[in-house]
Amino acid sequence: MSETLKVKTMAQFAAEGKQPEILFWVGCAGSFDDRSKKITRAFAKILNHLEIDFAVLGTEESCTGDPAKRSGNEFLFQMQAMVNIQTLNGYGIKKIVTTCPHCFNTLKNEYPSLGGNYEVLHHSQFLQQLIDEGKLKVQGGSFKGKKITFHDPCYLGRGNNIYEAPRELIKQLDADLVEMKRCRSESFCCGAGGAQVFKEAEPGNKEVNIERTEEALELKPDVIATGCPFCMIMLTDGVKLKNQNENVKVIDLAELIAAGL
């Protein structure tokens, strides 16, 4: 994606005395992981295309505290959360959209008890709203007719009961959406949740991401779609280990939609 993206910070909006429509919470993976940066750029491309006023916090964005909380360090979580809430409240933020289900879950469900009350949407929900309102029109393009299976991220699906928005986005591409045996509320973890992505795997007979990748590959898909940067990392590794990376692509929902603009 070579086009120049227009991305302003909250500090720039504040200096102009303006308020953006949404705050795009990028998250650690979307900021620092090379593969996940492509998801960030794809979502920004969509926002630019629709001329939606949005801002990022830039260097003022810190970790939500999700990994600390999942690994048992409640004190560190609350310290990180309070710093973020002070920043968000200071800018008068009302609406947040994020491409990361872990950030989504934490901002939506755990910040309110600490004084952070915002409307928080996963990017699949936000994009679905735009399609429903007729603001976003998508073409299948290179994905039309392709066989696509969607892996439900735990913190989006089982954690927040969001199953339909990602699938509705894929259907916009005129693609053949096929489901794995374990999907929706019965979906299987990619192996990265609960801060597992930051540590060595637990002892066992098989890596969790390999198990999940094998389930996806049984369908012989052209694309494994994801809605989480950590699922992206785990499934991409799984596909590579199965020597299928030339045949099967792992692609985020934002990238699918951005390609169809």
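Select E214 first: at 24% relative accessibility, E214 counts as partly exposed. The model on screen is a predicted one, and this tour begins with the charged side chains around E214.

Add K206 to the selection. E214 forms a salt bridge with K206, and the closest N and O atoms are 2.9 Å apart. K206 has a relative accessible area of 43%, which makes K206 partly exposed. Now add E211, which also pairs with K206 in a salt bridge, the closest N and O atoms being 3.3 Å apart. E211 is partly exposed as well, at 26% relative accessibility.

Which residues belong to the network that salt bridges with shared partners make here? Select R182, K206, E211, R212, E214, E215 and K242: salt bridges that share partners join them into one network. In general, side chains of opposite charge can pair when their charged atoms come close.

Next, colour helix α9, residues 208-217. Is α9 largely enclosed or largely open? Seven of its 10 residues are buried, so the rest of the structure largely encloses α9. The buried residues to pick out are N209, I210, R212, T213, E215, A216 and L217. To see what covers them, show β6 (147-150), β8 (223-226) and α10, which are among the covering elements.

Stay with α10, residues 229-241. The axes of α9 and α10 come within 8 Å and cross at roughly 75°. That angle makes α9 roughly perpendicular to α10. On the α9 side, the contact is made by N209, I210, R212 and T213. On the α10 side, select M234, L235, D237, G238, V239 and L241.

Move on to I251, in strand β9 (residues 249-252). Is I251 buried or exposed? At 13% relative accessibility, I251 counts as buried. Leaving aside neighbours within four places in sequence, show the residues in contact with I251: R35, F143, V223, I224, A225, T226, M232 and L256. Then use the distance tool on the C-alpha atoms of I251 and F150, which are 9.7 Å apart in space and 101 residues apart in sequence.

Now return to salt bridges, of which the structure holds 20. Select E110 and R70, another pair joined in this way, with the closest N and O atoms 2.8 Å apart. E110 lies in the loop between α6 (101-109) and β5 (119-122), while R70 lies in helix α4 (residues 66-70), so the pair ties together parts that are 40 residues apart in sequence. E110 is buried, with a relative accessible area of 16%, whereas R70 is partly exposed at 24%.

The last stop is on the surface. Select F75, which lies in helix α5 (residues 74-90). F75 is exposed, with a relative accessible area of 63%. Which residues form a nonpolar patch with F75? Add L76 and M79: with F75, they form a nonpolar patch on the surface, and the accessible area of the three together is about 320 Å². In general, an α-helix has 3.6 residues a turn, so residues three or four places apart point the same way.

Notes
Residues are numbered from 1 along each chain as its sequence is written. This is a predicted model: local features need pLDDT of at least 70, side-chain atom pairs count only at pLDDT 80 or more; totals for chains, interfaces and linings use all residues. Side-chain values use heavy atoms; hydrogens and water are left out. Patches are made of residues with over 30% relative accessible area and no salt bridge: like charges are joined within 9 Å, nonpolar side chains (Val, Leu, Ile, Met, Phe, Trp, Tyr) within 5 Å. Accessible areas come from the Shrake-Rupley method with a 1.4 Å probe; for residues, only the protein chains shown count as cover. A salt bridge is a side-chain nitrogen of Lys or Arg within 4 Å of a carboxyl oxygen of Asp or Glu. Helices (H or I, at least four residues) and strands (E, at least two) are DSSP runs, numbered from the N terminus. Buried means under 20% relative accessible area, exposed over 50%, partly exposed in between (1.4 Å probe, protein chains only). Axes are lines fitted to C-alpha atoms, for helices over the stretch in contact, and angles run from 0 to 180 degrees between N-to-C directions. Angles under 35 degrees count as roughly parallel, over 145 as roughly antiparallel, 65 to 115 as roughly perpendicular and the rest as oblique. Contact means heavy atoms within 4.5 Å.
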